[in-house]
Amino acid sequence: MATSATFTTTGIISQLKLTRHSIQPLSNVTGRTSRKLVVRTSSLKTPISAKQAEKNAMQYRKLGDSDLVISEITLGTMTFGEQNTEKESHEILSYAFENGINILDSSEAYPIPMKKETQGKTDLYIASWLKSQPRDKVIIATKVSGYSEQSSFLRDNAKVLRVDAANIKESVEKSLKRLNTDYIDLLQIHWPDRYVALFGEYMYDYSKWRPSVPIVEQLRAFKELIDEGKVRYIGVSNETSYGVMEFVHAAEVEGLPKIVSIQNSYSLLVRCRFEVDLVEVCHPKNCNIGLLAYSPLGGGSLTGKYLDINSEAARKGRLNLFPGYMERYNTSLAREATIKYIEMAKKHGLTPVQLALGFVRDRPFMTSSIIGATSVEQLKEDIDAFFTAERPLPQEVMADVEDIFKRYRDPTIF
């Protein structure tokens with residue numbers, strides 16, 4: 001099987017100090033084209049070594065078995081149309097792609113929280129921005145919804161959403177129309193058709209098993225869309241080791257498209273679900289499935305902004321704006337663990353964001369961290385933290401991370 005590859009944006013930059021965002025893409029890496037660099041002369045300051053520049057450069061990695069070469073940061077867009085206006089969304093998108101990000105992640109269900117009144121706005125905002133961009137320089141990842149009895153408004157005539165041929169085709173056709181594009185680079189199943197423990201539910205409930213759409217049927221529907229040129233690659237999300245293995249096995253036996261990615265939650269507060277066995281399944285020497293990690297900041301909780309519930313940042317945060325949303329980060333030992341991580345970050349001269357994003361960034365099984373923001377300022381802070389944190393994080397920092405982890409293993413479940 002193919003192994004993962006890493007690329008950086010560095011080149012002829014020795015003896016020049018560039019501000020973090022002075023390296024701009026002339027041609028983003030998408031797996032189809034190469035990347036060049038242009039230097040803003042207004043950003044030139046004091047000398048810096050080429051080694052330092054390389055250390056802080058955006059890296060690009062091959063996504064599973066695909067020919068997509070994606071940035072190590074993926075732009076999350078689920079706030080577009082709910083917490084962000086169209087203008088704000090465009091500003092965030094432009095800043096991200098001007099600073100080396102080449103992939104965005106959307107969904108037919110966005111924005112979040114899911115509502116019939118706002119559904120699809122995220123894609124529409126992306127589409128209006130995309131009009132001014134070279135399409136082949138923007139990697140679009142989106143998602144088809146899994147089984148749902150509450151979200152039938154996503155379909156024209158359905159009482160229950162399923163991941164069957166009819167639902168998949170309708171989802172893709174509508175996504176293409178909203179995005180105003182001819183193809184989707186990466187189509188993911190947002191959550192499985194079968195029962196799995198989801199969104200804060202930790203243990204599998206034996207009694208909730210239900211019949212599901214055969215995985216072979218799902219893959220055949222995806223194959224039709226790939227053959228028609230409407231989808232390039234497929235992936236899964238909120239998936240288990242069993243699910244990944246079944247998708248890979250069915251593709252191999254039936255000669256159908258293989259999934260190339262998995263989008264699961266992963267952070268200092270949510271590790272076990274991936275590290276226990278998915279890391280082995282997804283290993284490049286085994287199934288070679290690229291991890292796109294969502295919520296690397298634990299829904300924003302790892303920034304520490306929710307520790308003071310009366311702060312302006314907390315009041316504006318989605319955990320307070322939408323009661324009940326991701327409450328596992330507020331009503332569990334996660335708060336206690338967050339305090340420990342923030343204290344530890346301070347001890348090592350790191351900000352909470354540097355520690356949280358640096359940790360996820362450095363995991364050997366990580367392909368890309370999905371980072372969302374409700375303002376350019378917030379996105380800038382996250383990108384800066386991602387690159388100013390020493391790469392890799394020092395051994396003494398990681399030792400302290402593991403000490404805290406031993407006391408708080410996935411604290412959001414308790």
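In this predicted model, helix 12 meets helix 13 through Val353, Gln354, Leu357 and Arg361 on the helix 12 side and Glu381, Asp382, Ala385, Phe386 and Thr388 on the helix 13 side. By class, that contact has four nonpolar, two polar and three charged residues. A second helix pair, helix 4 with helix 5, also packs, and the strands include a closed barrel of eight. The second largest pocket holds about 850 Å³ of space.

**Helix 12 and helix 13**
- Helix 12 covers residues 352-362 and helix 13 covers residues 376-388.
- Their axes come within 8 Å and cross at roughly 65 degrees.
- The crossing of helix 12 with helix 13 is right-handed.

**Helix 4 and helix 5**
- Helix 4 spans residues 165-179, and helix 5 spans residues 215-227.
- The two pack at an angle of about 35 degrees, and their axes lie 9 Å apart.
- Helix 4 and helix 5 cross in a right-handed sense.
- From helix 4, Ala165, Ile168 and Val172 take part in the contact; from helix 5, the partners are Glu217, Gln218, Ala221, Phe222 and Leu225.
- Six of the residues in this contact are nonpolar, one is polar and one is charged.

**Barrel**
- The eight strands of the closed barrel follow the order 6-7-8-9-10-11-12-13, and their pairing is parallel.
- From one strand to the next, the twist averages 30 degrees.
- Within the barrel, strand 7 (residues 103-105) and strand 8 (residues 139-144) run parallel and are joined by three bridges.
- Leucine 104 has isoleucine 140 of strand 8 opposite to it.

**Second largest pocket**
- The space in this pocket amounts to about 850 Å³.
- The lining consists of 39 residues, of which Val196, Ala197, Glu239, Thr240 and Arg273 are the closest to the pocket centre.
- Two or more lining residues each come from helix 5, helix 6 (241-254), strand 11 (261-265) and helix 7 (272-275).
- Helix 5 therefore appears twice in this briefing, as both a contributor to the pocket lining and the packing partner of helix 4, by the DSSP numbering of helices from the N terminus.
- Strand 11 likewise gives residues to the lining and is one of the barrel strands.
- The lining divides by class into 22 nonpolar, eight polar and nine charged residues.

Definitions and conventions
Residues numbered from 1 in each chain as written. Predicted model: local features only at pLDDT ≥ 70, side-chain atom pairs only at ≥ 80, totals over all residues. Heavy atoms only, no water. Axes fitted to C-alpha atoms, helices over the stretch in contact; angles between N-to-C directions. Helix = DSSP H or I, 4+ residues; strand = E, 2+ residues; numbered from the N terminus. Left-handed = near helix turned anticlockwise from the far one by under 90°. Contact = heavy atoms within 4.5 Å. Nonpolar A, V, L, I, M, F, W, Y, C, P; charged D, E, K, R; others polar. 1 Å grid on protein atoms, 1.4 Å probe; cavity = no way out; pocket = protein on both sides within 12 Å on 5 of 7 lines; lining within 4 Å. Points joined across faces, edges and corners; volume = space filled by probe spheres on them. Pairing = 2+ DSSP bridges.
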